[in-house]
Amino acid sequence: MRTAKFGLGAVVRHRIYPFRGIVFDVDPVFDNTEEWWLAIPEEMRPRKDQPFYHLFAENAESEYVAYVSEQNLVPDTSGEALRHTGIADLFERDAEGVYRLRTSPAN
């Protein structure tokens with residue numbers, strides 16, 4: 001098992017698919033259903049022995065929660081704010097554009 005590359009609040013994007021998001025939880029290794037894993041085409045199926053990230057994700061059309069392997073994520077350096085409605089419950093964005101865990105509940 002290795003240390004996760006991205007921490008809570010990290011803004012990332014998928015290396016293949018056009019979506020980006022913010023990390024709100026990390027599994028040190030795969031922790032989803034076998035059915036979910038097998039639904040991924042075999043030639044694209046990620047290894048299970050790596051961190052997997054829960055993201056508040058978004059693309060041009062929608063917002064959703066994604067579960068993504070570390071090998072498929074890269075840092076998002078665009079500096080653009082994310083719009084996902086779930087973000088405000090857990091994070092606040094500081095003056096530098098960094099997302100930090102809230103210390104008190106959102107109003």
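Visitor: What is His 54 in contact with, leaving aside its neighbours within four places in sequence?

Guide: His 54 is in contact with Ile 22, Val 23, Phe 24, Asp 25, Val 26, Asp 27, Ala 66 and Tyr 67. Contact means heavy atoms within 4.5 Å. This is a predicted model: local features need pLDDT of at least 70, side-chain atom pairs count only at pLDDT 80 or more, and totals for chains, interfaces and linings use all residues. Residues are numbered from 1 along each chain as its sequence is written, and side-chain values use heavy atoms, with hydrogens and water left out.

Visitor: Why is His 54 called buried?

Guide: Buried means under 20% relative accessible area, exposed means over 50%, and partly exposed lies in between (1.4 Å probe, protein chains only). His 54 has 19% relative accessibility, so the residue counts as buried.

Visitor: Where does His 54 lie, and how many residues of that strand are buried?

Guide: His 54 lies in strand β3. Strands are DSSP runs of E, at least two residues, and helices are runs of H or I, at least four, numbered from the N terminus. In β3, 7 of its 7 residues are buried.

Visitor: Which residues of β3 point the same way as His 54?

Guide: Phe 52, His 54, Phe 56 and Glu 58 point one way. Tyr 53, Leu 55 and Ala 57 point the other way. In a regular strand the side chains alternate between the two faces of the sheet.

Visitor: What makes the link between His 54 and Asp 27 a polar contact?

Guide: A polar contact is a pair of N or O atoms within 3.5 Å; within protein, one must be able to donate a hydrogen and the other to accept it, and residues adjacent in sequence count only if both atoms are side-chain atoms. The side chains of His 54 and Asp 27 are joined at 3.1 Å, so the distance fits the cut-off. Asp 27 and Tyr 67 are joined through their side chains too, at 2.7 Å.

Visitor: How do you know that Asp 27 has no salt bridge?

Guide: A salt bridge is a side-chain nitrogen of Lys or Arg within 4 Å of a carboxyl oxygen of Asp or Glu. Lys and Arg count as positive, Asp and Glu as negative; His and the chain ends are not counted. Therefore His 54 cannot serve as a charged partner here. For Asp 27, the nearest side chain of opposite charge is Lys 48, 12 Å away. Asp 27 is buried all the same, at a place in strand β2 (residues 20-27).

Visitor: What makes Glu 58 and Arg 20 a salt bridge?

Guide: Their closest N and O atoms are 3.9 Å apart, so the pair falls within 4 Å. The pair links distant parts of the chain: Glu 58 is in strand β3 (residues 52-58), Arg 20 is in strand β2, and they are 38 residues apart. Both are buried, Glu 58 at 5% and Arg 20 at 13%.

Visitor: Why is Glu 63 called partly exposed, and which residue is its salt-bridge partner?

Guide: Glu 63 has a relative accessible area of 31%, so it lies between the two limits. Its partner is Arg 83, with the closest N and O atoms 3.6 Å apart. Glu 63 is in strand β4, while Arg 83 is in the loop between β5 and α2 (87-90). Arg 83 is partly exposed as well, at 40%. Salt bridges that share partners join Arg 20, Glu 58, Glu 63, Asp 76 and Arg 83 into one network. The structure holds 8 salt bridges.

Visitor: How do you know that β2 and β3 pair?

Guide: Two strands pair if DSSP finds at least two bridges between them. β2 and β3 have 7 and run antiparallel, so they pass. Asp 25 stands opposite His 54 in β3. On the β4 side, 7 bridges join β3 to β4, also antiparallel. β3 and β4 form a hairpin with 4 residues between them.

Visitor: What makes β4 and β5 edge strands?

Guide: The open sheet of 5 strands has the order β4-β3-β2-β1-β5, with antiparallel pairing. β4 (63-69) and β5 (73-75) each have a single partner strand, so one side of each is left without a neighbour in the sheet. For β5 the partner is β1 (residues 11-14), paired over 3 bridges. Arg 13 stands opposite Val 74 in β5.
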